[in-house]
Protein chains: 2
Amino acid sequence: MFILLVEDDEVIADAICTYLAHQGLAVEHVMSLEAATTYIESSHFDLCILDLNLPDGNGIDWLCSLRSKRFSLPVLILTASDTIDDKITGLKKGADDYLVKPFDLRELQARLLSLKRRSSDRLSNTIHHGMLQYDLEQHKALLNGVLISLSRNEDLLLQTFLNNPQRVLTQNQLKNVLYGVCDDVASNALNVHIFNLRKKLGTQAIETIRGLGFRLGKIETKPS
Amino acid sequence: MFILLVEDDEVIADAICTYLAHQGLAVEHVMSLEAATTYIESSHFDLCILDLNLPDGNGIDWLCSLRSKRFSLPVLILTASDTIDDKITGLKKGADDYLVKPFDLRELQARLLSLKRRSSDRLSNTIHHGMLQYDLEQHKALLNGVLISLSRNEDLLLQTFLNNPQRVLTQNQLKNVLYGVCDDVASNALNVHIFNLRKKLGTQAIETIRGLGFRLGKIETKPS
DNA sequence: ATTTCATCTTAATATTGGCTTAATTAAGTC
DNA sequence: GACTTAATTAAGCCAATATTAAGATGAAAT
């Protein structure tokens with residue numbers, strides 16, 4: 001596994017490099033954002049460890065521009081400050097995890113590994129389920145290669161189902177997805193949406209578990 | 001992501017619900033441990049936010065019983081007291097993180113996300129009993145590899161039996177599982193459900209201890 | 001502003017499946 | 001044998017969900 005470490009503090013960087021190398025990971029160490037950019041654009045890395053305080057700029061901004069250039073590699077942020085704002089901003093701006101200095105090297109390793117695991121799952125932006133192909137970025141659903149047009153709520157529901165295959169989702173859970181906090185409204189709008197989804201994806205696409213909720217089912221060639 | 005919020009203070013609960021829902025998380029709010037138990041046992045949640053001071057009991061005790069019932073969902077404890085002892089006890093008893101009131105909603109969110117991350121590595125919780133494989137999350141029962149469809153009440157009963165193997169459960173206890181605590185008992189509905197369960201799982205699946213109640217028995221290849 | 005169009009919600013009705021009831025049979029207990 | 005408890009059936013009921021269609025909303029286009 002190839003890791004890019006962006007860190008200007010030599011002591012910390014050395015510690016990380018030594019430890020990770022010892023664990024069988026290939027670490028490339030750079031000390032500025034400029035160098036980081038060069039490396040990222042000219043070579044392949046599985047992960048990036050990013051310190052936020054760097055001589056030639058702010059790590060968050062760099063991360064933003066990285067994302068805007070469609071680099072999707074997982075980034076773990078190192079931050080000295082324990083302020084909430086930093087964490088929040090970091091996570092929202094496209095970081096995948098963060099670690100507050102000082103930290104335990106073993107924890108760093110654990111997080112890197114879990115990061116890798118997670119990211120290798122969602123490398124592709126499309127989810128496949130039976131004959132359905134769903135593009136998370138473009139919100140496009142292809143059934144048997146044919147584009148299915150979905151309304152906003154249908155889209156939300158389908159996403160939720162695809163993100164929780166095998167799982168029984170209660171009506172309240174699904175209502176929360178659509179309407180935010182559930183005022184526990186007695187409305188069957190949800191049922192109508194499910195009905196419409198079934199018309200588009202086939203009757204078996206959504207199973208009902210009476211008294212419990214709904215679950216994603218089989219999506220096959222033909223809406224019957 | 002589905003979150004169960006157990007909190008009896010409406011003001012705090014509302015704030016949390018509104019904020020988290022706004023962040024795209026599905027929050028289910030209950031105000032008592034009893035309700036929490038019902039929800040946990042009948043639906044899926046990724047996380048639980050647990051206040052410790054509740055009208056119908058102590059949160060720590062509830063957490064203990066939850067763990068003893070093999071529910072492994074990550075729990076974040078909310079505590080008013082800032083005493084170290086409380087935190088320690090909480091963490092030792094199976095909590096995964098804690099937050100002291102008053103807290104910043106953004107910090108709550110950050111902690112929830114990291115909690116989810118850490119826990120996503122865990123194994124799925126399935127109970128094995130003889131030839132039966134029961135998945136608590138999916139509410140799926142496989143007998144000899146074949147899916148058995150269970151009604152809501154059958155599902156509840158089976159769960160209860162699997163969570164209390166070896167133990168004799170009185171009819172009243174089982175009725176409480178289905179109908180909550182109430183002592184009107186002139187109905188044999190429970191017997192009918194047990195009869196139907198036996199039809200699906202085999203005659204020996206549930207033993208009758210005459211005059212006392214029922215106990216989980218052997219579940220073998222074929223319903224005879 | 002007004003029209004147009006799609007979607008969302010409401011509401012009314014149909015349907016289904018599971019729950020309970022109740023009556024009967026079987027199995028223990030004294 | 002009389003009594004108690006549990007098992008077994010089948011019928012009716014009811015709540016959860018499905019289905020429709022009509023009205024409400026809201027955004028884009030003219």
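Which residues are the closest to DNA strand D? They are A:Arg198, A:Thr208, B:Phe195, B:Arg198 and B:Thr208, out of 20 residues that surround the strand. Sugar and phosphate make up 74% of the atoms of DNA strand D that come within 4 Å of the protein. The model is predicted.

**DNA strand D**

Both protein chains reach this strand with polar side-chain atoms. From chain A, a side-chain N or O atom of A:Asn188 sits 3.0 Å from a base oxygen of DNA strand D. From chain B, B:Arg210 places a polar side-chain atom 2.8 Å from a base oxygen of the strand. B:Thr208 turns to the backbone of the DNA instead: a polar side-chain atom lies 2.7 Å from a phosphate oxygen. Two elements give two or more residues to the surface near DNA strand D: α8 (189-201) of chain A and α8 (189-201) of chain B. By residue type, this surface holds six nonpolar, ten polar and four charged residues.

**DNA strand C**

DNA strand C is also surrounded by 20 residues. The closest are A:Ser151, A:His193, B:Tyr179, B:Ser187 and B:His193. Sugar and phosphate account for 57% of the strand's atoms that come within 4 Å of the protein. At least two residues of the surface near DNA strand C come from each of α6 (152-163) and α8 of chain A, and α6 (152-163) and α8 of chain B. The residue types divide into six nonpolar, ten polar and four charged.

Polar contacts to both strands are listed here.

| Residue | Protein atom | DNA atom | Distance |
|---|---|---|---|
| A:Asn188 | side-chain N or O | base oxygen, strand D | 3.0 Å |
| B:Thr208 | polar side-chain atom | phosphate oxygen, strand D | 2.7 Å |
| B:Arg210 | polar side-chain atom | base oxygen, strand D | 2.8 Å |
| A:Ser187 | side-chain N or O | phosphate oxygen, strand C | 3.3 Å |
| B:Asn153 | backbone N or O | phosphate oxygen, strand C | 3.3 Å |
| B:Asn188 | side-chain N or O | base nitrogen, strand C | 3.0 Å |

Asn188 appears in both chains. A:Asn188 meets a base oxygen of DNA strand D, while B:Asn188 meets a base nitrogen of DNA strand C. B:Asn153 uses a backbone atom for its phosphate contact. A:Ser187 uses its side chain.

**Chain A as a whole**

Chain A has eight helices and 13 strands. It runs to 224 residues, and 46% of them count as buried. Among contacts with a separation of 6 or more, 53% join residues 24 or more positions apart. The accessible surface comes to about 11,500 Å². Carbon and sulfur atoms hold 51% of that area.

**Helix α2 of chain A**

Helix α2 (residues 33-42) has two sides. A:Leu33, A:Ala36 and A:Ile40 are buried. These three lie on the same side of α2(A), because they cover an arc of only 50° around the axis. A:Glu34 and A:Ser42 are exposed on the other side. Cover for the buried residues includes the strands β1 (2-6), β2 (26-30), β3 (47-51), β4 (53-54) and β5 (57-58), along with helix α3 (59-68), of chain A.

**A:Gln109**

Is A:Gln109 buried or exposed? A:Gln109 has a relative accessible area of 15%, so A:Gln109 is buried. This residue belongs to helix α5 (residues 105-121) of chain A. Beyond its neighbours within four places in sequence, A:Gln109 contacts A:Tyr19, A:Leu20 and A:Gln23.

Key. Residues are numbered from 1 along each chain as its sequence is written. Chains are lettered from A and ligands numbered from 1 in the order in which they are written. This is a predicted model: local features need pLDDT of at least 70, side-chain atom pairs count only at pLDDT 80 or more; totals for chains, interfaces and linings use all residues. Side-chain values use heavy atoms; hydrogens and water are left out. Helices (H or I, at least four residues) and strands (E, at least two) are DSSP runs, numbered from the N terminus. Buried means under 20% relative accessible area, exposed over 50%, partly exposed in between (1.4 Å probe, protein chains only). Contact means heavy atoms within 4.5 Å. A residue is near a molecule or strand if one of its heavy atoms lies within 4 Å of it. A polar contact is a pair of N or O atoms within 3.5 Å; within protein, one must be able to donate a hydrogen and the other to accept it, and residues adjacent in sequence count only if both atoms are side-chain atoms. Ala, Val, Leu, Ile, Met, Phe, Trp, Tyr, Cys and Pro count as nonpolar, Asp, Glu, Lys and Arg as charged, and the others, Gly among them, as polar. The arc is that of the directions from the helix axis to the C-beta atoms. Accessible areas come from the Shrake-Rupley method with a 1.4 Å probe; for residues, only the protein chains shown count as cover.
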